[in-house]
Amino acid sequence: MIEQVKEGVLYYDGCNTIELAEKFGTPLYVYSETDILNKINEMKECFTDKYERTRIAYAAKAFGVMGIFRLMEREGLCIDVVSGGELYTAIKAGFPPERIEFNGNNKQIHELEMAIEYGIGRIIVDGIEELSLIEDICKEKSKEISILYRITPGVRSDSHDYIVTGKKDSQFGMPLDDHILMPAVDAAIKSEVVDFKGYHFHLGSQLFDNSSHLQAVEILLELIEKTKDKFGFEVEEVNLGGGFGIRYTTEVRKPFSYFLEPMMERIEEYFKDKGRIRPEVVIEPGRSLVGEAGMTLYTVGNIKEIEGIRKYVAVNGGMPDNIRPALYQAKYRGIIANKASVEANDIVTVCGKCCESGDVLMRDVALQKAERGDVLAVFTTGAYGYSMASNYNKNPIPAVVLVKDGRTELMVKRQSYDDMIKNELIPESMR
Ligand SMILES: *Cc1c(COP(=O)(O)O)cnc(C)c1O
């Protein structure tokens with residue numbers, strides 16, 4: 001178990017969380033390497049080990065720092081980036097460019113240039129306009145690049161509206177209308193500088209039902225057939241995106257096989273029946289590889305009891321280090337790490353320290369009775385926490401430590417006040 005209680009203290013991947021808080025300060029992001037490795041291995045077992053010509057491309061936007069890129073590289077994964085900044089970070093970490101794939105609905109010319117210059121593995125192209133930008137850059141630099149088209153299969157998936165991306169009304173991908181998609185496919189197949197491989201979809205995030213993925217696979221198979229009929233072109237690669245849900249509070253995480261095996265069985269069977277080689281299959285999990293591995297430690301400060309209404313427990317972080325409750329009404333579970341054996345029978349609302357009533361990390365949850373100076377652990381903050389962190393109210397971005405079997409290593413230093421103002425200038429007229 002990653003979480004353990006010894007003599008009333010919470011341990012995380014073998015590390016005493018109170019000692020972590022003392023050594024590195026709070027707020028602090030803590031990642032269990034063991035948990036990340038467990039997730040990677042579970043995914044390999046039912047996907048890359050089980051089916052040949054498959055790849056896992058970790059979606060870096062969930063948590064994309066150099067240390068994580070190194071870990072993913074060591075474990076043999078590819079990565080999926082969505083900006084020049086993520087691409088740069090991965091390259092600086094020594095990640096092999098040919099194992100990098102680039103997604104995004106509005107890639108900038110300088111980002112595309114960077115990607116083509118580094119010689120990355122794939123660009124997932126969001127429309128015919130982007131195709132011509134890429135072709136121009138390739139011609140100018142005498143380079144070639146492999147691409148897929150991102151399509152919007154138009155299926156509905158059940159998640160928060162802000163994290164549903166596969167429906168037709170979306171700023172991502174290309175609609176399936178023939179008069180839009182087919183000329184784009186024709187242009188990509190005929191292009192002399194891009195190597196068109198096939199299609200990509202990503203339906204949304206934090207999904208617990210495989211039916212939208214399975215519906216999207218059917219639509220994908222039809223599109224593959226249409227591409228063959230119309231252009232005589234056999235699709236070589238498909239990318240099924242990510243979105244596999246994780247446990248925050250009461251959810252039960254589905255094993256990865258629940259999503260991956262039925263999709264793979266369907267695709268394998270389809271091509272076997274037709275006597276054709278099935279395309280290479282790629283997936284892009286983000287949250288499901290790192291979300292449950294991460295947690296955040298805070299120090300409890302003010303406690304305010306509003307008689308007959310609510311008791312607020314304020315911690316020294318909040319929306320700057322975790323915007324998800326404010327953005328998606330995300331729910332979390334937590335524990336007072338130095339009172340881990342005590343019964344959690346105090347109903348409280350845990351808030352942050354920002355000047356926003358929306359800065360609430362956990363509303364009406366049962367916790368051990370908190371006192372100033374206690375350490376609060378909030379679980380499952382590994383995905384879209386650090387990567388969405390901000391300096392709101394000029395709070396420095398917390399440090400990140402990687403822990404494994406009692407070993408601790410700093411992955412990101414805590415930002416200093418000077419770090420925060422280093423790009424700020426006093427306008428000349430005010431000096
Ligand atoms: C965000 C994203 C992912 C990863 O989604 P998770 O829910 O974190 O698994 C994969 N592919 C694309 C294109 C994305 O935008």
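**Exercise 1. Determine the strand order of the open sheet that contains β1, and state which strands lie at its edges.**

Solution. The structure is a predicted model, in which local features need pLDDT of at least 70, side-chain atom pairs count only at pLDDT 80 or more, and totals for chains, interfaces and linings use all residues. Residues are numbered from 1 along each chain as its sequence is written, and side-chain values use heavy atoms, with hydrogens and water left out.

Step 1. Identify the elements: strands are DSSP runs of E with at least two residues, helices are runs of H or I with at least four residues, and both are numbered from the N terminus. Two strands count as paired if DSSP finds at least two bridges between them.

Step 2. The open sheet has three strands in the order β1-β2-β3, and their pairing is antiparallel. Its edge strands are β1 (3–6) and β3 (15–16), each of which pairs on one side only.

Step 3. Two bridges link β2 (residues 9–12) with β3 in the antiparallel sense. Here Tyr-12 is opposite Cys-15 of β3.

**Exercise 2. List the strands that β13 joins through antiparallel bridges, and give a residue pair for each.**

Solution. In general, strands of a sheet pair through backbone hydrogen bonds, either parallel or antiparallel.

Step 1. Strand β4 (residues 28–32) is joined to β13 (residues 294–306) by four antiparallel bridges. Tyr-29 has Thr-296 in β13 as its bridge partner.

Step 2. Between β13 and β18 (residues 375–379) there are five bridges, again antiparallel. Leu-297 is partnered by Ala-377 in β18.

Step 3. Strand β14 (residues 310–315) pairs with β13 over five bridges in the antiparallel sense, and Glu-305 is opposite Lys-311 of β14. The hairpin of β13 and β14 has three residues between the strands, and Gly-308 takes a positive phi near 70 degrees there.

**Exercise 3. Describe the cover and the partners of β5.**

Solution. Step 1. Six of the six residues of β5 (residues 54–59) are buried, where buried means under 20% relative accessible area (1.4 Å probe, protein chains only).

Step 2. In a regular strand the side chains alternate between the two faces of the sheet. In β5, Thr-54, Ile-56 and Tyr-58 point one way, while Arg-55, Ala-57 and Ala-59 point the other way; all are buried.

Step 3. Three parallel bridges join β5 to β12 (residues 280–283), with Ile-56 opposite Ile-283. A further three bridges, also parallel, pair β5 with β6 (residues 78–81); there, Ala-57 has Cys-78 as its bridge partner.

Step 4. β5, helix α3 (residues 66–74) and β6 form a right-handed β-α-β unit: with the strands pointing away from the viewer, the path from the first strand over the helix to the second runs clockwise.

**Exercise 4. Characterise the surroundings of the ligand by residue class, polar contacts and buried area.**

Solution. Step 1. Fifteen residues surround the ligand, and Lys-61, Ser-205, Glu-284, Arg-287 and Tyr-384 come nearest; a residue is included if one of its heavy atoms lies within 4 Å of the ligand.

Step 2. The shell comprises three nonpolar, seven polar and five charged residues.

Step 3. For polar contacts (pairs of N or O atoms within 3.5 Å), a polar side-chain atom of Ser-205 lies 2.3 Å from a ligand oxygen atom. For Tyr-384 the distance from a polar side-chain atom to a ligand oxygen atom is 2.6 Å. His-202 places a polar side-chain atom 3.5 Å from a ligand nitrogen atom.

Step 4. Taken alone, the ligand exposes 390 Å², of which the protein buries 94%; the areas come from the Shrake-Rupley method with a 1.4 Å probe.

Conventions:
Polar contact = N/O pair within 3.5 Å; in protein donor to acceptor, adjacent residues only side chain to side chain. Nonpolar A, V, L, I, M, F, W, Y, C, P; charged D, E, K, R; others polar. Buried < 20%, exposed > 50% of the residue type's maximum accessible area, 1.4 Å probe, protein only.
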